[in-house]
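Visitor: I am new to this structure, and I would like to understand how the words used to describe it are earned. Could you take me through it slowly?

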Amino acid sequence: MRITRALQIGIGALAVAVAATGCGGGSSKTAVENAADGKLTIGVKFDQPGLSLRNKDGSFSGFDIDVAKYVAGKLGVAEDEITFKEAPSAQRETLIQNRQVDFVVGTYSITDQRKEKVDFAGPYYLAGQSLLIRADNTAITGPESLNGGKKLCSVRGSTPAQNIQKNYANDVQLQEYDTYSLCVEALKAGAVDALTTDDIILAGFAAQNPGQLKLAGKPFTTEKYGIGVKKGDTESRGRINDAIEAMINDGAWKASLDKNFGSTGFQPSAPPQVDRY
């Protein structure tokens, strides 16, 4: 088969691109090494008001975003040199393992199962699993209230709904969506009876939908939010832990929570103790 000169050039360019990016499509450098070059790619959520939200103008806001910017600053990277990449719950480990992001700040609960795949700095926040329901619902007051075949929504790659089915309401009907915002729309439309995830996430959605949605009952688990890094990257993990402790100690941590949740009525947790395992 005859190959044109233009096609040969195109194939050559593609080969160079593949060689440069590797199989995972990302840099082979650690987070600290990329920071030394003045740039970082950070995985975040795009749809969590108060925590990690991409605004209509393309900017980002929320507590997780503030944490990400603070950590980047301590690593020597200016805010305008940060690239925020969407990191849905089900894709976080893959993004880190393939080095498509330097680290993930995305309401990322530290669990033993996840620690088999990635390492965590932190925790930087202590959350608790809760329920979000429609404001006119008086029947659901906690996880046990979901018995009787009620429909419960959560996102793929997250475990709260399975926790409720296993430990609180065996016959609850689980509905999974790709994002929390889709769960919220399903809840408002009456397609599901409740949404479950961490209280601070749900508080953001309740504040975004005043008079329509509310939290039900009290938190019934403890979730340690960590910053996910490449497994074995102890230097980056240690530097990020230093940054988290600095943010807590210099008042920036509390200031961010006050800014993002002070008007919502939600009471954030006390500062956590960073785990130096």
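Guide: Let us begin with a term: a polar contact is a pair of N or O atoms within 3.5 Å, where, inside a protein, one atom must be able to donate a hydrogen and the other to accept it. Please keep in mind throughout that this is a predicted model.

Visitor: What makes the meeting of the side chains of Asp 198 and Tyr 225 a polar contact?

Guide: The distance given for the side chains of Asp 198 and Tyr 225 is 2.5 Å, and because the cut-off is 3.5 Å, this pair counts as a polar contact.

Visitor: Why is Asp 198 called buried?

Guide: Asp 198, which lies in strand E11, has a relative accessibility of 5%, and because buried means under 20%, the word applies to Asp 198.

Visitor: Which residues is Asp 198 in contact with, leaving aside its neighbours within four places in sequence?

Guide: With those neighbours left aside, Asp 198 is in contact with Ser 109, Ala 127, Gly 128, Gln 129, Glu 223 and Tyr 225. One of these, Ala 127, is 71 residues away from Asp 198 in sequence, yet the two are 5.9 Å apart in space, taken from C-alpha to C-alpha.

Visitor: Strand E11 also holds Thr 196; is Thr 196 buried or exposed?

Guide: Thr 196 has a relative accessible area of 0%, and it is therefore buried, since the limit for that word is under 20%. Not counting residues up to four places away in sequence, Thr 196 touches several others, including Leu 131, Leu 152, Cys 153, Ile 164 and Phe 220. A polar atom of the Thr 196 side chain also lies 2.9 Å from the backbone oxygen of Ser 130.

Visitor: Why is helix H8 described as largely enclosed by the rest of the structure?

Guide: Helix H8 runs over residues 199-208, and 8 of its 10 residues are buried, so the description of largely enclosed follows from that count. The buried residues of H8 include Ile 200, Ile 201, Leu 202 and Phe 205, and Asp 199 is also among them.

Visitor: What makes Arg 99 and Thr 107 worth a pause in the backbone?

Guide: Arg 99 has a phi near 60 degrees, a positive value in a residue other than glycine, and Thr 107, likewise not a glycine, has a positive phi near 40 degrees. Arg 99 lies in the loop between helix H4 and strand E6, whereas Thr 107 lies in strand E6 itself. Arg 99 counts as partly exposed because its relative accessibility is 27%, while Thr 107, at 5%, is buried.

Visitor: Where is the cis peptide bond?

Guide: The cis bond leads from Gly 122 to Pro 123, with omega near 10 degrees, and Pro 123 has its place in strand E7.

Visitor: How is the packing of helices H3 and H9 described?

Guide: Two packed helices are described by the angle between their axes and the distance between the axes. The axes of H3 and H9 come within 9 Å and cross at roughly 115 degrees, and the crossing is right-handed. In H3, Asp 66, Val 67, Tyr 70, Val 71 and Lys 74 meet Arg 239, Ile 240, Ala 243, Ala 246 and Met 247 of H9. The residues of this contact divide into 7 nonpolar, no polar and 3 charged.

Visitor: What is the secondary structure of the protein chain as a whole?

Guide: The protein chain has 10 helices and 13 strands, and 47% of its 277 residues count as buried.

Key
Residues are numbered from 1 along each chain as its sequence is written. This is a predicted model: local features need pLDDT of at least 70, side-chain atom pairs count only at pLDDT 80 or more; totals for chains, interfaces and linings use all residues. Side-chain values use heavy atoms; hydrogens and water are left out. Buried means under 20% relative accessible area, exposed over 50%, partly exposed in between (1.4 Å probe, protein chains only). Helices (H or I, at least four residues) and strands (E, at least two) are DSSP runs, numbered from the N terminus. Contact means heavy atoms within 4.5 Å. Axes are lines fitted to C-alpha atoms, for helices over the stretch in contact, and angles run from 0 to 180 degrees between N-to-C directions. A crossing is left-handed if the near helix is turned anticlockwise from the far one by less than a right angle, and right-handed if clockwise. Ala, Val, Leu, Ile, Met, Phe, Trp, Tyr, Cys and Pro count as nonpolar, Asp, Glu, Lys and Arg as charged, and the others, Gly among them, as polar.
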